[in-house]
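Good morning. Please have the sequence and the structure open while I talk.

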Amino acid sequence: MAAPGGFSGTDFKQEDTVFFGFTRTQLAAFAIMLAFIAISPFFLYPVFLMKVLCFALFACAFNLLIGYVGLLSFGHAAYFGMGGYLAGHAAKVWGLPPELAILIGGAVGAGLGLVIGAIAIRRQGIYFAMITLAFAQMVYFFCLQAEFTGGEDGIQAIPRGVLFGVFDLRSDMTMYWVVAAVFLIGFLLIHRIIHSPFGMVLKSIRENEPRATSLGYRTDDYKLMAFVLSAALSGVAGGTKAIVFGIATLTDVFWTMSGEVVLMSLVGGLGTIFGPVMGAAVIITMQNYLAEFGAWVTVIQGVIFVLCVLAFRRGIVGEIGNWLRVRL
Amino acid sequence: MDEIFGIPAPLLFGQLLLGLINGAFYALLSLGLAVIFGMLNVINFTHGAQFMMGAFVAWMLLNWAGLGYWWALLLAPVLVGLTGVLIERTMISRLYKLDHLYGLLLTFGVGLVIEGVFRNEFGSSGMPYRIPAELQGSWDLGFMFMPIYRGWVVVVAIVMCLATWLVIEKTKIGSYLRAATENPALVQAFGINVPRMMTLTYGAGVALAAFAGVLAAPIYSVNPQMGANLIIIVFAVVVIGGMGSILGSVVTGFALGVIEGLTKVFWPEASSTVIFVVMAIVLLTRPAGLFGRA
Amino acid sequence: MSHETTRRAVLGAAATAPVWGALPYRSAKAQAANTIRIGVMNDQSGLYRDISGPGSTQAVRLAVQESGITQRGVNVEVVQADHQNRPDVGSTVVRQWIDRDGIDVIVDVPTSSVALAVNTIVRERNKVFLASGPATSDLTGAQCSPNTVHWTYDTWMLARGTGGAMVAAGGQTWFFITADYAFGHALERDTSEFVRQAGGRILGSVRTPFPGTTDFSSFLVQAQASRAQVVGLANAGGDTINSIKQAAEFGLTRRGVRLAGLLVFITDVHSLGLQTAQGLVLTETFYWDLNDRTRAFTQRLGPVPGNLRPSMVQAGCYSAVLHYLKAVGEMGVAAAKASGVDAVNRMKAMPTSDDAFGEGTIRPDGRKIHPAYLFQVKAPNESRYAWDYYTLLQTVPADQAFRPLAAGGCALVRS
């Protein structure tokens, strides 16, 4: 599958990496994002921001696959949703502290990702997308049938708990800093992966898989590793969301959620580091602040989809980067 | 033999027949998708919305223009097909040089818009549409009562599928089409207007969806989300049959209808998931689908 | 057909936007102390739009107007939001409404998963939740809350109304077509209980995938093969409509099988048309044409968006808000805003009375009590005017219509 995105072929400025794999411009962008994360809870509603951060992490994890390996997964809701269910179950029924619950969410995502990924990476392009969708539908069926998920009522009233036995997360502000930390760790981890030798191999697979194979790389192993990482981080994002909102429901494992994360990455900019974050922010803001437009929400979402594909294929961040001739 | 796996044989026959009828819808819908994909390389996610539009246009023709079922069967595909032509000309035609992904995303967005607009206009609970007087009633088959209308659906669907296959495989237009799929530049060089052919193909695929929509109007609830519920299943059908394979989508459509019908007897809860299990198995053993060319 | 109303509803929604739509954080303290803020949250874009949606907001506005509270110097603001049937969206909106916009009451909220989430948040923040849309009887059972009044209907009452009464009316043997999720399971379980109690028998049931089932013919044929006299439809919305439509097509009703819709709204019947829906038996707590008072209410409300008559959920929103504002009038705005529990307790202490549901009460577990009605859908030739759809078969008195107080397992009752 060719690189899906307008990010190749543009005449970018050559920039050296100055710190942690960031170029100077990226570092500036990162600083802006960091500043926004630090200041925003004082003038924006923290619960809303937490939701944005959870989805931003989810979108970044998804983007690792599509943007850097060229694999379009249409079943990422499975890892996100199952991560949420297991984290919620761990916190509510097993009484585990939130940090463990979130880790369990990640572990579940990784486990599922290993099984599904091992099968799915044997196919490419649209067939890969369809296999991931097929497995995600089976996971959905499991969640609907399983006793512990509470059917369509979901797991309700999950306690936020006390982090490390010290920080009481019932306060929205404390919870916010935890979510911000989880997000930043995930974000930097993904960034680190992309800029590691491992990430270079992934990108070479995206650009030309046969050549990567001919250079002696076992491309399937690399793809599987990326898939598992992406699924694990999606699980972490789902688990964190379950802890924040105290609910885990079927919405998060349904196929529309898989579509939504594609939308976020597309709107922000596929294959850009900051794109998914921006995309998640835009889509979640829309869902929240357009809620009072009632039935027009889906229409507006559809129009944005169409506009993005027709006019802004690079996505918001991609377009900005293209305009500044830098990679963001 | 009275019982098969603990299920009375007559009941099983009945279920097979019903599965076949559902398969007729899957076949018709996936046929349109396959035609569009084969020619345009676009995965038409708007298909569900266009199916829904077919049913709604039938309702509008009846309530606003006083034109009944038979007129709708003729007019609705044409009208909805025209909107398809418009969509292709203004939007999809800009994406041919890009990755498949963009076509999928664009049509997904268009589908959202169409469904949203219909929901605003007509609400969510749906519109009544009656079975035409000529096709009311049912046959007593001994093991079950078979509504005449369902029989009609199967017959029409098979005729439609055959006709489409004949057009593509046996006529001149069809051979141009197939040639243009293989090598558009060459066909263009022979003086054939490839862009127009693509437009017409999309329009025809959409018309097929609308046709299925009219067929569905008397038996399914005519509401804005009626297509969204089907589209994912129909996708699976196309993928299993082999993307772009006309014969594959038709055969798979009927076959999956039957498999689903049987599941409804033995494990009803799983009847909507079974298709995805089949899809996973097929893709793992035959990467390009049952009838696809790898 | 619904051009005007839809557009008006949208403009109305847009006009309310500035109340909370602007991004910057505004302190709730800055808001006037004598303003009651009502947030109507429901499904405006999906399956439940017609039974709740903008029509619920319209009903709430009527209640505000008729309460007369504004003439006494109290400001009432009504805002609405679409939860898109997603618990996370609903949960964020409600938190934001309460924490940032100073909303005092949440109204409606169909879809049980969203309603249960809202139930928890409202209790934590000590506000008021007037649940008209959701069906789950857990709201007054295991998950009951001193801040919640469950107004219009619940699964237990639907099962009691249709299950119990149908057997009495001669439907001895049953087969269930059940949507395969908690709501469907609960309906089937409760209804089976009443059928057995009344001396009927359950011959079988089939679970249909949810969502994603459009063709019910296979299940209907299985139902027919069981030779049951009654086919109980333990599903809702599009599933119910499809099953009824296809039951008519397969001639189940013509061969004497009776269909019992466990959750059918008048908008569903409207959408099916009488030709298809005739003979269907169902339970509702409100019907616009029930008596002079309901007709008067419907007249005053006018057609709801989509040019429809009000559903019981919309009528419930009206009735609930009217009663809440009466309580506010008695206890004073400041006290009502200060504690949701106090406001609900005051509501429980007062008998309810309105045109939509007549006289009623609210129980300690938060259950609003009123009669339930078993209706049969008329044949086309019996219907004399627009929306003349139901014949009243039986009235279940208020004291029997809902689950007995002790049987729900609500912690508020034991203490």
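First a definition: two residues are in contact if their C-beta atoms, placed from the backbone, lie within 7 Å. This is a predicted model, in which local features need pLDDT of at least 70 and side-chain atom pairs count only at pLDDT 80 or more, while totals for chains, interfaces and linings use all residues. Residues are numbered from 1 along each chain as its sequence is written, and chains are lettered from A and ligands numbered from 1 in the order in which they are written.

Let me start where chains B and C meet. How many residues does the contact take from each chain? It takes 36 residues from chain B and 39 residues from chain C. On the chain C side, at least two residues each come from β7 (201-208), α7 (217-225), α8 (237-249), α9 (266-272) and α10 (274-277). Those labels are DSSP runs, numbered from the N terminus: helices are H or I with at least four residues, strands are E with at least two. By type, the side of chain C that touches chain B has 21 polar, 10 nonpolar and 8 charged residues. Nonpolar here covers Ala, Val, Leu, Ile, Met, Phe, Trp, Tyr, Cys and Pro; charged covers Asp, Glu, Lys and Arg; the others, Gly among them, count as polar.

Next, chain C by itself. Its domain assignment gives domain 1 (3-153 + 291-370) and domain 2 (156-284 + 371-401), and such bounds come from an automatic or database domain assignment. The C-alpha centres of the two domains of chain C lie 29 Å apart. Between them, 16 residues of domain 1 of chain C are in contact with 15 residues of domain 2 of chain C. The domain 1 side of that contact in chain C divides into 8 nonpolar, 6 polar and 2 charged residues.

Now the sheets. Two strands pair if DSSP finds at least two bridges between them. One open sheet in chain C has 5 strands in the order β2-β1-β3-β4-β5, with parallel pairing. Why is one side of β2 (75-82) and of β5 (148-150) of chain C left without a neighbour in the sheet? Both stand at the edges, each with a single partner strand, so nothing pairs on the other side. On average, neighbouring strands of this sheet are turned by 15° against each other, direction ignored. The axes behind such angles are lines fitted to C-alpha atoms, for helices over the stretch in contact, and angles run from 0 to 180 degrees between N-to-C directions.

At one edge, β1(C) and β2(C) pair in the parallel sense over 8 bridges, and Met41(C) has Ala81(C) as its bridge partner in β2(C). A residue is buried if 20 or more other C-beta atoms lie within 10 Å of its own, exposed if 12 or fewer, and partly exposed in between, with C-beta atoms placed from the backbone. In β2(C), 6 of the 8 residues are buried, so the strand is largely enclosed by the rest of the structure. At the other edge, strand β4 (residues 128-131) of chain C pairs with β5(C) in the parallel sense over 3 bridges, with Val149(C) as the partner of Leu130(C).

Two helices lie across this sheet. Helix α4 (residues 112-125) of chain C crosses β3 (105-108), β4 and β5 of chain C, running at about 155° to β4(C). Helix α12 (residues 312-331) of chain C lies across β1 (35-42), β3, β4 and β5 of chain C, at about 155° to β3(C).

There is also an open sheet of 3 strands in chain C, ordered β11-β12-β13, with antiparallel pairing. Strand β12 (residues 358-362) of chain C pairs with β13(C) over 2 bridges, and Ile362(C) is partnered by Lys368(C).

One residue to look up is Thr162(C), in helix α5 (residues 155-168) of chain C. Is it buried or exposed? Thr162(C) is buried, with 31 other C-beta atoms within 10 Å. Leaving out residues up to four places away in sequence, its contacts include Thr191(C), Val281(C) and Leu374(C). Thr162(C) and Gly261(C) are 99 residues apart in sequence, yet 7.8 Å apart in space, C-alpha to C-alpha.

Last, chain A, which has 13 helices and 4 strands. Of its 328 residues, 61% are buried. Thr213(A), in helix α8 (residues 209-214) of chain A, counts as partly exposed because it has 14 C-beta neighbours inside 10 Å.
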